[in-house]
Amino acid sequence: MGEEVSNKQVILKHHVVGCVKECDMELKNTTIRLSVPEDSNALLLKNLYLSCDPYMRPRMSNLVDSYVESFTPSSPITGLGVAKVLESCDSNFQKGDLVWGMTGWEEYSIVTATQNSLFKIHDKNVPLSYYTGILGMPGLTAYAGFYEVCSPKKGETVFVSAASGAVGQLVGQFAKMLGCYVVGSAGSKEKVDLLKSKFSFDEAFNYREEQDLDTTLKRYFPDGIDIYFENVGGKMLDAVLLNMKVHGRISVCGMISQYNLEQTEGVHNLFCLITKRISMEGFIVTEYFHLYPKYLEMIIPQIKAGKIVYVEDVAEGLESAPSALVGLFSGRNVGKQVVVVSRE
């Protein structure tokens, strides 16, 4: 039957309205038997690293007509993570395999691979935590959102909001590799310095210090913006619309400024979509999972050669997960927010 062991979990206490707080979650001590039923096609995972991602905030609400399901109150939060297979009834996975995909915010999880889009980790000569970020969903998001949605060309002007985050830091580097002029926005001097010194952005600014975003963008893009990689929404999107070039492209990845609001902000400059013939397209990364092998072929050699760099903000222990997740929405993290559950 398998040994019964303790299994700490992060539970969502209730659906959240407004700003998410640590007290909306709780750490619960439960037990789990380390086995899976033979006829279940399931896997028993030992979770190693968990990913904190902005899309998780809407899932904490009572969603209607969304591309993701709401979390279930009184149940463990789920999210992307890296795990070791302890037992497997799925012929595609063996005991000892390392995987990344959807798992529970807990020490051990029982999952079904078909439901959880699990990917086997083959290259272990890079940090395992990278599979929560640059080698996982955020990395593929940056790749698909920039190359597939934006169709970039050498020499174009690119603006990235939330540019020091898990996705933004990669989009900026991809654009620089292509020979684009790249500007990023972030929420602190530390992050602005990081964008210019480590990620090779041409320019960066602290949006919190800017009184008029329209004027700011005109300063950095006097001739306009060809590509905007949208992670923020609200006032930033409104200002960007005024500064797009004719036939500019906007890739809508997220709108983190809106996730904690009970009433989202309106966008007033949408007429620019007509006058400037702007293409503005939202996308969901799961629709691009078929590109994942191609993406790995491109990105792993770049990482190993030091041509792409990646910054993580690491929180130790499952008990730190609620604070780490909440911190995303005030910009407390610097780089990709990762939670270490276990290193073995």
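Mentor: Two strands pair if DSSP finds at least two bridges between them. Keep that handy, and remember we're looking at a predicted model.

Trainee: OK, which residue in S9 does Phe159 stand opposite?

Mentor: Start with the strands: S8 (157-160) and S9 (181-186) pair in the parallel sense over four bridges. That clears the cut-off of at least two bridges, so they do count as paired. In this pairing, the S9 residue opposite Phe159 is Val183.

Trainee: And which residue of S10 does Ala186 stand opposite?

Mentor: S9 also pairs with S10, again in the parallel sense and over four bridges. S9 is mostly covered, with five of its six residues buried. Across from Ala186 in S10 you'll find Asn206.

Trainee: Which helix goes with S9 and S10 to make a β-α-β unit?

Mentor: There are two units to keep apart here. S8, helix H4 (residues 168-177) and S9 make a right-handed one. S9 and S10 make a right-handed unit too, and there the helix is H5 (residues 189-197).

Trainee: Back to H4, then. How many of its residues are buried?

Mentor: The list of buried ones runs through Gly168, Gln169, Leu170, Val171, Gly172, Gln173, Phe174 and Ala175. Their cover includes H3, S8, S9, S11, H9 and strand S15 (336-340). H4 is mostly covered, and out of its ten residues the buried count is eight.

Trainee: H6 has buried residues as well. Within what arc do they fall, seen down the axis?

Mentor: In H6 (residues 213-220), the buried ones are Leu213, Thr216, Leu217 and Tyr220. An α-helix has 3.6 residues a turn, so residues three or four places apart point the same way. The buried residues of H6 line one face of the helix, because they fall within an arc of 95°.

Trainee: What helix do those buried residues of H6 pack against?

Mentor: Strands come up too: they pack against S8, S9, S10 (203-206) and S11 (225-230). At the start of H6, a side-chain oxygen of Asp212 reaches to within 3.0 Å of the backbone nitrogen of Asp214. As for the helix that the buried residues pack against, that's H7 (234-243).

Trainee: Let's do cores. Which helix gives the largest share of the largest nonpolar core?

Mentor: That core has 81 residues, and those with the most contacts inside it are Ile134, Leu135, Tyr295 and Ile299. A second, separate core of 20 residues includes Val183, Leu213, Leu217 and Val240. In the largest core, the largest share is eight residues, and they come from helix H3 (residues 137-150).

Trainee: Is Asn7 buried or exposed?

Mentor: Asn7 is in strand S1 (residues 4-12). Beyond its sequence neighbours, Asn7 has contacts including Lys28, Ile32, Glu106 and Tyr108. A polar atom of the Asn7 side chain also lies 3.1 Å from the backbone nitrogen of Glu107. With a relative accessible area of 2%, against a cut-off of under 20%, Asn7 counts as buried.

Trainee: Last one: how does Thr286 count at 49% relative accessibility?

Mentor: Thr286 is found in the loop between strand S13 (279-282) and helix H9 (292-304). Exposed means over 50% and buried under 20%, with a class in between. At 49%, Thr286 therefore counts as partly exposed.

Conventions:
Residues are numbered from 1 along each chain as its sequence is written. This is a predicted model: local features need pLDDT of at least 70, side-chain atom pairs count only at pLDDT 80 or more; totals for chains, interfaces and linings use all residues. Side-chain values use heavy atoms; hydrogens and water are left out. Buried means under 20% relative accessible area, exposed over 50%, partly exposed in between (1.4 Å probe, protein chains only). Helices (H or I, at least four residues) and strands (E, at least two) are DSSP runs, numbered from the N terminus. The arc is that of the directions from the helix axis to the C-beta atoms. Contact means heavy atoms within 4.5 Å. A polar contact is a pair of N or O atoms within 3.5 Å; within protein, one must be able to donate a hydrogen and the other to accept it, and residues adjacent in sequence count only if both atoms are side-chain atoms. A nonpolar core is a set of buried Ala, Val, Leu, Ile, Met, Phe, Trp, Tyr and Cys residues joined through side-chain atoms within 4.5 Å. A crossover is right-handed if, with the strands pointing away from the viewer, the path from the first strand over the helix to the second runs clockwise.
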